[in-house]
Amino acid sequence: MKVIVIGGSGLIGKQLVSVLQQQGHDVIAASRSTGINSVTGTGLVAAVSGREVVIDVSNAPSFEDQAVMEFFTASSTNALAAAKRAGVKHYIALSVVGTERLQASGYFRAKLVQEKLIAESGLPYTILRASQFFEFIAAIAESGNQADSNSVRMPTALIQPVASADVVSALAELLKSAPANGIIDLAGPDKLQIAQLVSRYFAAKQDGRQVIADADATYFGTPLTHDELVPVRPNALLGASRFSDWLQ
């Protein structure tokens, strides 16, 4: 198939472009480094022209509330307009598990706006909401750093992280399916508390910092109760990679 991957130079995008090319698809990697800017629209219409499928795995360079909202609003608006003009048959986008339940966060407010723009575009679409990647655990751990630098404070809420390679596999599989015109959840096979996750990560890295489990600790400034970061939809997809295997 003729596919364009928006955000083709990021963690997911690079892997996805490689996998799709290995599968024999005709793939364009769209990013600022390839002269295609979804935020400004530079080169976008020409790049999307003739493509059958758009896969949007772009991510904002800044998580500041206004900046992230401006990024996803502009990028999605431009990409969807280019896709409609090109008669794209399937618009696939990567989002995050729990987006609608984490609206205290500016990032997740922006992701929900992105999802609504896609759903209301009139294009056949599928939104794949993935849980946080194993590769993001280091950032989660650092977000809880305490002033003494010898400990991190982590929430006791649940998380169900997934390998980025499993996200790539799921996105590639969506090319074989009809548009869902809805949302599909994807998570890893292991569900555990965030504090437990970071403890196991530190043990594997031989990081001597203490992990303090705190029900009131936030997730990048966003309060959690229990299950906002795990799938609640029935029939969620599960990645094959276990957290213990990834740690090794």
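Student: Which residue in S2 is the bridge partner of Lys2?

Tutor: In this predicted model, Lys2 has Asp26 as its bridge partner in S2.

Student: What makes strand S1 and S2 a pair?

Tutor: Pairing requires at least two bridges between the strands. Strand S1, residues 2-6, is joined to S2 by five bridges, so the two count as paired. They run parallel.

Student: How are the strands of the open sheet ordered?

Tutor: The seven strands follow the order S2-S1-S3-S4-S5-S8-S11, with parallel pairing.

Student: Why do strand S2 and strand S11 stand at the edges?

Tutor: Strand S2 (26-30) and strand S11 (237-238) each have a single partner strand, so one side of each is left without a neighbour in the sheet.

Student: Which strands does helix H1 lie across, and at what angle does H1 run to S1?

Tutor: Helix H1, residues 11-22, lies across S1, S2, strand S3 (53-56) and strand S4 (90-96). H1 runs at about 170° to S1, on a scale from 0 to 180 degrees between N-to-C directions.

Student: What about helix H6?

Tutor: Helix H6 (residues 164-174) packs on the sheet and touches S3, S4, strand S5 (125-130) and strand S8 (182-187). Its direction makes about 165° with that of S5.

Student: What makes up the lining of the largest pocket?

Tutor: The largest pocket holds about 970 Å³ of space. Of its 42 lining residues, Ser58, Asn59, Ala60, Phe63 and Tyr107 are the closest to the centre. By class, the lining has 22 nonpolar, 16 polar and four charged residues. H4 gives the most, with four residues.

Conventions
Residues numbered from 1 in each chain as written. Predicted model: local features only at pLDDT ≥ 70, side-chain atom pairs only at ≥ 80, totals over all residues. Heavy atoms only, no water. Contact = heavy atoms within 4.5 Å. 1 Å grid on protein atoms, 1.4 Å probe; cavity = no way out; pocket = protein on both sides within 12 Å on 5 of 7 lines; lining within 4 Å. Points joined across faces, edges and corners; volume = space filled by probe spheres on them. Nonpolar A, V, L, I, M, F, W, Y, C, P; charged D, E, K, R; others polar.
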